[in-house]
Amino acid sequence: MSDERVKADLMAILQEFAESAGGRPSLKEFMELFKWPSEAIYSAPLEFEAILVDGTVYSGPAESRVSEMNDSVFTELTDFLASLPGEDSGGAVAPHGLANILLEFINDEAENFADVPSGGISSLLVSGAGGVDRPEVGDILAVPVDGGWYAVIVVARNRFGVALGVFGEKLPSLDAVHPEPSSACKFPVYSDDAEVVNGSWKVVGRNEGLLSAFPAEPEIYHSPSLVFPGFDFGEFGAAESPSGTVRLIDSAEATAVGISTGSYRQTFTGEFLQHSLDGLVRRWRQSEL
């Protein structure tokens, strides 16, 4: 990818953030945007720390609007990270290489940030992407919620993120997290495994046999109101596979997945998914009646 294309892609992300949030991002928000999309590319979420030219560590504002961003911002960031070639063109760009790319962009485009003076950042440090075991496809994760635990299984890793299959039975204790195929919810969700890395979710086992309860390459869904050149999303919406194949869906599928009610999300951060599981399971169960 050329330097001009990299800059153009990053500018598009900045502009989409500004339009969604109603103003330019802080440097803190910009760095935070990369955290969970990096889960699909690296061995652990990347976290950045900026050092100012006076040698002090940048802290930024206390508030962040990142959680309010549309799913499309994170999908675009995942695609952007996946498109950056490594030094040998055989894999993703190294984390320190990504940090250098972002540092140059930040200093060149300071006027597009809310709190960065031109040339005001001397270095960008990155942590993560090493030394942490990521759950693999087939691993069973225990997710704590009010009143118990849900079991989820890692179904796939691809350009959309980490696909998790949810089992809809709330279990009373960590020791009881042994999901049954009959409790599998139909639609996997795309998220990250940051909550595994930080210890909030537990890897409690492995059962590749349970993968058959879910599609091997889970799709994401698009609203019929979405306008994108070259694509027809039909009367009720469409589903897109990780390979890019798009198929139109009918009214029943749109209702089941939540497109018709506006409750569907393409991706979740791990933390938000944890807080949403009760509602998601309840909605999916109702759609199966």
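**View 1. Buried residues of helix α1 in the predicted model.** In this predicted model, helix α1 has a buried side made up of V6, L10, M11, I13, L14, E16, F17 and A21. Among the elements that cover these buried residues are α2 (27-33), α3 (71-83) and α4 (95-108).

**View 2. The span of α1 and the residue that follows.** Here is a quick check you can repeat yourself: with 19 residues (3-21) at 1.5 Å a residue, α1 should span 27 Å, and because its end C-alpha atoms are 27 Å apart, the two values agree. Just after the helix, G22 has a positive phi of about 80°.

**View 3. The largest pocket.** Zoom in here to find about 890 Å³ of space. The lining has 34 residues, and S72, T75, E76, H222 and Q266 are the closest to the pocket centre. Helix α3 gives the largest share of this lining, with 7 residues. At least two lining residues come from each of α1, α3 and β8 (220-222). If you are thinking about the chemistry of the wall, the lining residues comprise 15 nonpolar, 10 polar and 9 charged.

**View 4. The second largest pocket.** The volume of this pocket is about 760 Å³. Which residues are the closest to its centre? They are E32, K35, V66, T269 and E271, out of 31 that line the pocket. Two or more lining residues are given by each of α2, β1 (47-52), α3, α5 (194-197) and α7 (270-287). By type, the lining of the second largest pocket holds 15 nonpolar, 6 polar and 10 charged residues.

**View 5. The largest nonpolar core.** In soluble globular proteins, nonpolar side chains tend to be buried together. The largest nonpolar core of this model has 45 residues, and L164, V166, Y221 and L273 touch the most other members. Two or more residues of this core come from each of β3 (139-145), β4 (148-158), β5 (161-166), β6 (189-191), β8, α6 (251-257) and α7. Strand β4 provides the largest share, 8 residues.

**View 6. The surroundings of V166, and a second core.** Neighbours within four places in sequence are left aside in this close-up. V166 is then in contact with A151, V152, S183, A184, C185, V189, F214, L277, V281 and W284. A second core, separate from the one around V166, has 38 residues, including F17, V73, L84 and L124. You have met F17 already, as one of the buried residues of α1.

Methods
Residues numbered from 1 in each chain as written. Predicted model: local features only at pLDDT ≥ 70, side-chain atom pairs only at ≥ 80, totals over all residues. Heavy atoms only, no water. Helix = DSSP H or I, 4+ residues; strand = E, 2+ residues; numbered from the N terminus. Expected span 1.5 Å × (residues − 1). Buried < 20%, exposed > 50% of the residue type's maximum accessible area, 1.4 Å probe, protein only. Contact = heavy atoms within 4.5 Å. 1 Å grid on protein atoms, 1.4 Å probe; cavity = no way out; pocket = protein on both sides within 12 Å on 5 of 7 lines; lining within 4 Å. Points joined across faces, edges and corners; volume = space filled by probe spheres on them. Nonpolar A, V, L, I, M, F, W, Y, C, P; charged D, E, K, R; others polar. Core = buried A, V, L, I, M, F, W, Y, C linked by side-chain atoms within 4.5 Å.
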